[in-house]
Amino acid sequence: MQLLVVRRDRNGIRQLNLAGPLPVAGALVAAAALIGSGFLGGQQLAQRHATGADLAEVNELREQLLADQARIAELEQATEDTLDALAIRLGRMNAHVIRLDALGQRLTEMAELEDGEFDFDMAPPIGGPLEPESLGSGSVSDINQSLDALSVQLVNREQQLGVLESMLMNRNLTERTVPEGRPVTSGWLSSYYGKRTDPFTGKPAWHKGVDFAGKEGDDIVAVAAGVVTYSGERFGYGNMVEIDHGKGYVTRYAHNSDNAVAVGDEVARGQIIAAMGSSGRATGPNLHFEVLYRGRPVDPVKFIRGKTRKK
């Protein structure tokens, strides 16, 4: 057997004689080794290419994961900031509600509403069918808009209730300072306001007040809140107490056996200020009661019966 070997430079052809058994075997081994090394090299090259592609894909996925994690962290921070802002707003609104509750409670007491008629300690009873638009959840923007509207309503309600409180205070102050009711806890009306016969002279005279007859020592009470401007003896009146109630009103309580208040004392409606007596020009135990409005005597009966309130 002969093997022809052709050289690349084509300068010649070399002839090998493979007639013997050893040369043939060597040739076969060499050929097998050549083929095997070529296959192995190709496989290794393929493996190198495959490994490079996988690594590139893994790196790409890793970068995407890091980007997603960063985005999630940003969203978490934004959500936390939003919740913090909402918490602050809710805290401020809660403070408004507390102030409104306190103000409402004061108004309830000032208006003298019956127990349970308007209770600020309990949620108001409400009801109604389920409305379609109430289903579902709103976005953060919708919630913020609702909070804005509610905050404005709370501020408006607080201002309105403040005005109402001022009006009620003025009304209650007027009610407490305008003379009203009986100046004695017991006794009867023995002489009216106006023209009458003087009990000492028997001649016609003008009576500037009304008289309540009773027993010595009976309680005499203030008919309105005010400040004592006189307490002591006065000609014709005997022991007298004079109270200025403001808004032009003054009351006088005369013929007392004893005065229980002094000049400068603040008194409340219904407070005991003196004891009934017969001091001064009096025929017996009685209270001479006068009401003056802007310095002029007026008929006390209208105030005793609560029919007239001048403001």
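In the predicted model, the protein chain exposes about 21,000 Å² of surface, of which 57% is supplied by carbon and sulfur atoms. Of the 311 residues that make up the chain, 26% count as buried. The secondary structure consists of three helices and 14 strands. When contacts between residues at least 6 apart in sequence are considered, 60% of them join residues that lie at least 24 apart.

On the surface, a negative patch is formed by four acidic residues, namely D54, E57, E60 and E63. The last-named of these, E63, belongs to helix α1, which spans residues 21–110. With a relative accessible area of 57%, E63 is exposed, because its value lies over the 50% at which that class begins. Membership of a patch requires over 30% relative accessible area and the absence of a salt bridge, and the 57% computed for E63 therefore satisfies the accessibility part of that requirement.

Among the strands and their connections, K247 occupies the loop that links β9 (238–246) to β10 (249–259). The relative accessibility of K247 is 48%, and the residue accordingly counts as partly exposed, a class that covers values between the 20% limit for buried residues and the 50% limit for exposed ones. Although K247 and Y293 are separated by 46 residues in sequence, their C-alpha atoms are placed 8.5 Å apart in space. Y293 is itself the final residue of strand β13 (286–293), after which comes the loop leading to β14 (296–298).

Two residues were noted for their backbone geometry. Most residues other than glycine have a negative phi. H255, which is not a glycine, nevertheless has a positive phi of about 70°. H255 is located within strand β10, and its relative accessible area of 7% places this histidine among the buried residues, since buried denotes a value under 20%. A positive phi is also found at R294, likewise a residue other than glycine, where the angle is near 55°. R294 lies in the loop between β13 (286–293) and β14 (296–298), and with a relative accessible area of 65% the arginine is exposed. The two positive phi values thus occur in contrasting settings, because H255 is buried at 7% relative accessible area, whereas R294 is exposed at 65%.

Methods. Residues are numbered from 1 along each chain as its sequence is written. This is a predicted model: local features need pLDDT of at least 70, side-chain atom pairs count only at pLDDT 80 or more; totals for chains, interfaces and linings use all residues. Side-chain values use heavy atoms; hydrogens and water are left out. Patches are made of residues with over 30% relative accessible area and no salt bridge: like charges are joined within 9 Å, nonpolar side chains (Val, Leu, Ile, Met, Phe, Trp, Tyr) within 5 Å. Accessible areas come from the Shrake-Rupley method with a 1.4 Å probe; for residues, only the protein chains shown count as cover. A salt bridge is a side-chain nitrogen of Lys or Arg within 4 Å of a carboxyl oxygen of Asp or Glu. Lys and Arg count as positive and Asp and Glu as negative; His and the chain ends are not counted. The place of a charge is taken as NZ of Lys, CZ of Arg, CG of Asp or CD of Glu. Helices (H or I, at least four residues) and strands (E, at least two) are DSSP runs, numbered from the N terminus. Buried means under 20% relative accessible area, exposed over 50%, partly exposed in between (1.4 Å probe, protein chains only). Contact means heavy atoms within 4.5 Å.
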